[in-house]
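Grab a pencil and open the viewer. Try each exercise yourself before you read its solution.

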Amino acid sequence: MTSLLSQSINLFAVVLLVLAFAMIAQRRILTLIHLFTLQGAALAAATLIVGYLTGQHHLYFSAALTFVLKVVLIPILLHRVILRLNVRWDVETLFNIPTTMLIGIVLVIFAFNLAAPIAGLSTSIARGTLGIALACVLLSFLMMIVRAKAVPQVIGFLSMENGLFFAATAATSGMPMIVELGIAFDVLVGILILGVFMFQIREQFDSLDIRHLEKLKED
Amino acid sequence: MDPLLFVLAFPLLGGVLLALWGDRERAGDLNAAMSLLTLAASVWLTAIVVRDGPLTAWGEWFFVDPLNVFLVTLTAFVGFTTSLFSRPYMRIERDHGKMTPGRMRLFHSMYQLFNGMMLVALTTNNLGILWVAMEAATLTTVLLVSVYRTPASLEAAWKYFILCGVGIAQALFGTILLYLAAERAIGGGDEALLWTHLAQSKHLLDPEILSLAFVFLLLGYGTKVGLVPVHNWLPDAHAEGPTPISAVLSGLLLNVALYAVLRCKVLADGALANGLPGRMMIGFGLVTVVVAAFFLSRQRDVKRMFAYSSIEHMGLMTFAFGLGGPIANFAGLLHMTVHALVKSAIFFAVGHAAQKAGSQAMEDIRGLLKVSPTVGWGLMLGSLAILGMPPFGVFASEFLILTTAMREAPWATPFLLVALGVAFAAIFGRVQPMVFGETSLRPLAHPPALLPVFVHLGLALMLGLYIPPYLDGWYRQAALMIGG
């Protein structure tokens, strides 16, 4: 049973990585939010299992926090934002999926190489997955770079946060509770501010295209 | 009675109070009063530290030592003078129709919270909380940068949020790696991220983990410091936000971010013992100084130009701390202090000058001395001070940095001298016609509060001629603590 559960940590880690790739390749904003919700759920499940296997009870709390924040609150906020902004069915066309995927694969290899020596030093049960966590962070990073619309950029930002939370679980037995609470609070406030912000951008430019935001150049 | 409690409670309380108070008649006064209370509490805290030495509070979650005590006072002081400056400044902005009552409420409330978050970041002993407070300080200022709702300000704020968010995420990864090293060395739990505990057993931390952690921490917090190549948010945010915010971003937030880097450097130095962190900081610092100096000479917007000057000076400090050793560290700490004072003074003068001209473009600002001699002289003296003219304090710190560089890293000095020369020619050449000559500027509707400008410049002058013994003692102790 225990070995089955510790295997399932790896399974959830892979799910996280696959979802990160799926997000990179996804053009439709609504589907992107669904993928993000799934990623949050996978993260919460992985945290829960690590907590159960190691007997670190504060990880239960961390899993609950992730669930409430990443699976319930933030997706609800995002759905409301895209509904009010009327971008629910928006499709982003201006990026090349195969090239982005290839760059993504290179990033994953890079992340695994970077994490390999350090993962061996970790005492956590999920140490093998540190490379995956770092890969998720870098893939979200890539997504933020290639996307030209505000909502996908924000989702990239949030999914980077997912990767970081998973890194904390994979490398250590979870950050101290107070720090984790603080981070969660920052993320929540951040997403609220971004929400306000998207309305301001929309009001000003009649569009959520970030390419309007490239006027401030060095002359 | 714990003065630290008041230092942290006043600004947070002020943020709530001003949010409730809204844009009534006395909101500006209330803002200044809360900042004055914070300053009083931090002076009290300083007095206690002078008397009893470093202290820790509340189960070691917070601490005050020679490295952060002067930064706390400096932050509270510049926070207070900026609140004085912002009273007439924001009133004029409202008369010009740029600020609505809702925006004024946001400005005052967030200004206090911003100050509070910086003070939390400075005094916390927990590196995780340090991260949380740094991120919170960014979040409080994002909506202030876009407060005018112009296309340019929205763009600046979006860049600020996204770039700093990505940067700070890297710092979080670095913090996680640090926690991993700490877990192996001193066991996990709430104490494992306390800086004082980590510093005691820094040689036990795993060097391999720490070198990777420091790369992430330097890049992450370095984004906030404004190090090239992750500096892009800084000039936009400074130029497009309201001037009081530019002043506190330049004078305070950048310092707090550099302070975070220094705390991490102490740990990395202890674990690595190969000088890698120092060399990385020398590299980033030098590139930053040179690139910023050349960008600076191409600017047309006065606030952008001084924002690049801030990047240049932060690079110089990073370079100094990278060199390490008692003298360069001393110079770096002194430079942090005088740069904060002088740069905020310059932004105060520049803010009013831009209001008179109705534009931030330097060619529209002409002959300040004719319309208001105080703004003109403030800008002129401030520029001379920031360019490192004796007898201002910037001269003393730059002189120390350069002489140490000649001894420790002679190859770097030509780059530094060229960069400082380019910056001098650019800023001096631009400021001169702005101050002297014929004018077409309008007088202001409300008398500006220019006392802060001259108080700041007076203090910078004093630090160039005479450093009080306790301040000197802190700098020396902190310089030893940073080591390197």
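The exercises below work through a predicted model.

**Exercise 1.** Work out how helix α5 and helix α6 of chain B are oriented relative to each other.

*Solution.* Start with the two helices: α5 of chain B covers residues 127-145 and α6 of chain B covers residues 151-186. Next, take the angle at which they pack, about 175°, with the axes 9 Å apart. Angles over 145 degrees count as roughly antiparallel, so α5(B) and α6(B) are roughly antiparallel to each other. Now look at who makes the contact: α5(B) contributes residues including B:W131, B:M134 and B:V142, while α6(B) brings, among them, B:Y160, B:F161 and B:I168. Sort the contact residues by class and you get 14 nonpolar, four polar and one charged.

**Exercise 2.** Find which element of chain B gives the largest share of the side that touches chain A.

*Solution.* First, get the overall picture: 41 residues of chain B are in contact with 38 residues of chain A. Then list the elements of chain B that give two or more residues to that side, namely α5, α6 and α8. Of the side touching chain A, α6(B) supplies the largest share, with 20 residues. Finally, check the chemistry: this side of chain B has 26 nonpolar, four polar and 11 charged residues.

**Exercise 3.** Decide whether B:L450 is buried or exposed.

*Solution.* Locate B:L450 in the loop between α17 and α18 of chain B. Count the other C-beta atoms within 10 Å of B:L450, and you reach 20. A residue is buried at 20 or more, so B:L450 is buried. Leaving out neighbours within four places in sequence, the contacts of B:L450 are B:T374, B:V375 and B:G378.

**Exercise 4.** Compare A:N86 with B:A273: what is the sign of phi, and is each one buried or exposed?

*Solution.* Take A:N86 to begin with, in the loop between α3 and α4 of chain A. Its phi is positive, about 60°, although A:N86 is not a glycine. With 9 other C-beta atoms within 10 Å, A:N86 is exposed. Move on to B:A273, in the loop between α10 and α11 of chain B. B:A273 has a positive phi too, near 55°, and is exposed, with 11 other C-beta atoms within 10 Å.

**Exercise 5.** Say where B:P229 and B:P391 lie, and give omega for the peptide bond leading into each.

*Solution.* B:P229 is in the loop between α8 and α9 of chain B, and the bond from B:V228 is cis, with omega near 10°. B:P391 sits in the loop between α15 and α16 of chain B; the bond from B:P390 is cis, with omega near 5°.

How values were computed. Residues numbered from 1 in each chain as written. Chains lettered and ligands numbered in written order. Predicted model: local features only at pLDDT ≥ 70, side-chain atom pairs only at ≥ 80, totals over all residues. Axes fitted to C-alpha atoms, helices over the stretch in contact; angles between N-to-C directions. Helix = DSSP H or I, 4+ residues; strand = E, 2+ residues; numbered from the N terminus. Parallel < 35°, antiparallel > 145°, perpendicular 65-115°, else oblique. Contact = placed C-beta atoms within 7 Å. Nonpolar A, V, L, I, M, F, W, Y, C, P; charged D, E, K, R; others polar. Buried ≥ 20, exposed ≤ 12 C-beta atoms within 10 Å, placed from the backbone.
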